[in-house]
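Dear colleague,

Please find below the structure that I am handing over to you. My account of what was found in it follows directly after.

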Amino acid sequence: QCAAAAKARHFRWEVSNMFWSPDCEEKVVIGINGQFPGPTIRAKAGDTIVVHLKNGLHTEGVVIHWHGIRQIGTPWADGTASISQCAINPEETFTYRFVVDKPGTYFYHGHYGMQRAAGLYGSLIVDVADGDEEPFKYDGEINLLLSDWYHESIYTQMVGLSSNPFRWIGEPQSLLINGRGQFNCSLAAAHTPGAKQCAAAGAAGNRHCAPVILPVLPNKTYRLRVASTTSLASLNLAVGNHKLTVVEADGNYVEPFAVDDIDIYSGDSYSVLLTTDQDTSANYWVSVGVRGRQPRTAPALAVLNYRPKRASRLPAAAPPATPAWDDFARSKAFTYRILGRAGVTPPPPATSDRRIELLNTQNRMGGGHVKWSINNVSMVLPATPYLGSLKMGLRSALPSAARPSDTFGRGYDVTRPPANPNTTVGDNVYVLAHNATVDVVLQNANALARNVSEVHPWHLHGHDFWVLGYGDGAFRGDAGDAAALNLRNPPLRNTAVIFPYGWTAIRFVADNPGVWAFHCHIEPHLHMGMGVIFAEAVDRVSELPKAAVSCGATATALMAGAGARAGGHV
Ligand SMILES: O=C1O[C@H]([C@@H](O)CO)C(O)=C1O
């Protein structure tokens, strides 16, 4: 066997604001090298990715997070402002250098303020290493990066979220497929009462918002790589007349199963196989609609174009209807079917070393500011990134000796608005021991309004985790639910959803020294404090690149020579 040597792949990127019309209405997006979405990175497992990222924004910092890449041994390249690095200043260049160790469907995105929602994202696809094979066969590939799009700028959105009275961002104006959508019209107007036809507007050469055409040949199998980087929306994807076989989730193989459509939450990625075995005289709709929240956004449509038929021949049938947004039984049935494929590493079977139970609540601070809190504390980020300040043992890293709680008390009634909605802000930093097996139970609850509990997809940095189980109502602990968790074939993932009024239990091994965010992937919810930080064996992190930590207090300390000191106080 002749395994080719892994390669270093170099990219020179410049991030900038630019005029763009993602849904045919001109706005400002954050693009890379003049493109929106940013360029696709394609690599092979084992390769080193080197991105020289220049910040070309006028007056604002920037970072990029490589979503799903575990950054084993390179925690400073995780791209989280205030956590793994200082935001890169305008005109500065920061070099991300990291290994993509595992094949899969990934993406990258901004992780400073709400820059992801401004369009700072792109695809990252890792093929198997030379000589290795995927455990399924296909003839071609289609990449679908899904997002939602708002006409208000992220600045307006952020001001609303922090104002009293609160101004919620509302539902997105458009859904985008590979950065393209059509606002206020439908390609399938003929099937949508009252909708304006827009094929002409899009097809008439607007290079930003022309409909997405997916050319395929009959009687072949395609791998659709689908990832969602939405700000808010939970999505469902269906292809008219075609079954989808799910084979990968978040860069891990799953036991294949066939469905008519898939749910996809922000932060998720999937590969599904589709066979072009339908009537070759027609084209077919790819439809992406909103689930989980009452939709006010038209589905995004693309055309699956059976070659050599012309793409302009729109499918005669109506696009597949998105399942009812509030049919959570259906969403759960899909999610519960996702299990690890034979060969996926199983979790350590023993009882975990630590269980952290995180109650997700919506709260009011100071009488009016709406926040999301975890165990009644809403996360705020410091000026100095934790990776540097904890590694250097700076006293200012965690000013309060008190660490956030591992439990929230069994008596909490998850079915009602919080009896006492007051909350405070805090760092929410959990210090994890090296190699500890950690279980986290995410407990959902009623929001501030009666009879409302929302979907939250939680994403972990620096790790994949096993999803051990889901349940409705309050988690019943050792006596009940803990004993019934799936330790046999749980899926490995980096994002897991909590359903309304339910809980989700995950497990991971703290074997990757670094400081990792764990948070709701809904952009406004993270901005409102819905997250925690895992500071994991920071004393074992090797010497930090100075560029990653040279700001704020660490810069001052570095200049005073403190950088040479090894180890920290955690
Ligand atoms: O964080 C949120 O705030 C609103 C609503 O709860 C209050 O306006 C909403 O739908 C959210 O997801």
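A polar contact is taken here as a pair of N or O atoms within 3.5 Å. Please bear in mind that this is a predicted model.

With that cut-off, three side chains deserve attention at the ligand. A polar side-chain atom of W372 is 2.9 Å from an oxygen atom of the ligand. For E454, the distance from a polar side-chain atom to a ligand oxygen atom is 2.6 Å, and for H525 the corresponding value is 2.8 Å. The ligand taken alone exposes 310 Å², of which the protein buries 76%.

The residues around the ligand are F166, W168, R293, Q362, W372, E454, H525 and M528. By character, this shell divides into 4 nonpolar, 2 polar and 2 charged residues.

Where does the ligand lie with respect to the domains? Domain 2 (140-336) and domain 3 (354-564) both contribute residues to the shell, and the ligand therefore lies between them.

The domain assignment of the protein chain also gives domain 1 (8-127), besides domain 2 (140-336) and domain 3 (354-564). The C-alpha centres of domain 1 and domain 3 are 23 Å apart. To the contact between these two, domain 1 gives 27 residues and domain 3 gives 36 residues.

As to annotation, an unreviewed UniProt entry lists residues 15-127, 143-307 and 420-537 under "domain: Plastocyanin-like". Residues 15-127 are 0% helix and 43% strand, and the end C-alpha atoms of this span lie 26 Å apart. Residues 420-537 are 4% helix and 46% strand, with the end C-alpha atoms 35 Å apart.

Finally, some points of backbone geometry. Most residues other than glycine have a negative phi, and most peptide bonds are trans. Against that background, three places may be noted:

- The peptide bond from N164 to P165 is cis, with omega near 5 degrees. P165 is located in the loop between helix 1 (154-162) and strand 10 (174-177).
- R307 and P308 are likewise joined by a cis peptide bond, with omega about 5 degrees. The loop that holds P308 runs between strand 19 (300-306) and helix 3 (328-336).
- E91, a residue other than glycine, has a positive phi, near 80 degrees. E91 is in the loop between strand 5 (64-67) and strand 6 (93-99).

With kind regards

Terms used: Residues are numbered from 1 along each chain as its sequence is written. This is a predicted model: local features need pLDDT of at least 70, side-chain atom pairs count only at pLDDT 80 or more; totals for chains, interfaces and linings use all residues. Side-chain values use heavy atoms; hydrogens and water are left out. UniProt positions are given in the numbering used here, feature names are shortened, and annotations may be inferred rather than shown by experiment. Helices (H or I, at least four residues) and strands (E, at least two) are DSSP runs, numbered from the N terminus. A residue is near a molecule or strand if one of its heavy atoms lies within 4 Å of it. A polar contact is a pair of N or O atoms within 3.5 Å; within protein, one must be able to donate a hydrogen and the other to accept it, and residues adjacent in sequence count only if both atoms are side-chain atoms. Accessible areas come from the Shrake-Rupley method with a 1.4 Å probe; for residues, only the protein chains shown count as cover. Ala, Val, Leu, Ile, Met, Phe, Trp, Tyr, Cys and Pro count as nonpolar, Asp, Glu, Lys and Arg as charged, and the others, Gly among them, as polar. Domain bounds come from an automatic or database domain assignment. Contact means heavy atoms within 4.5 Å.
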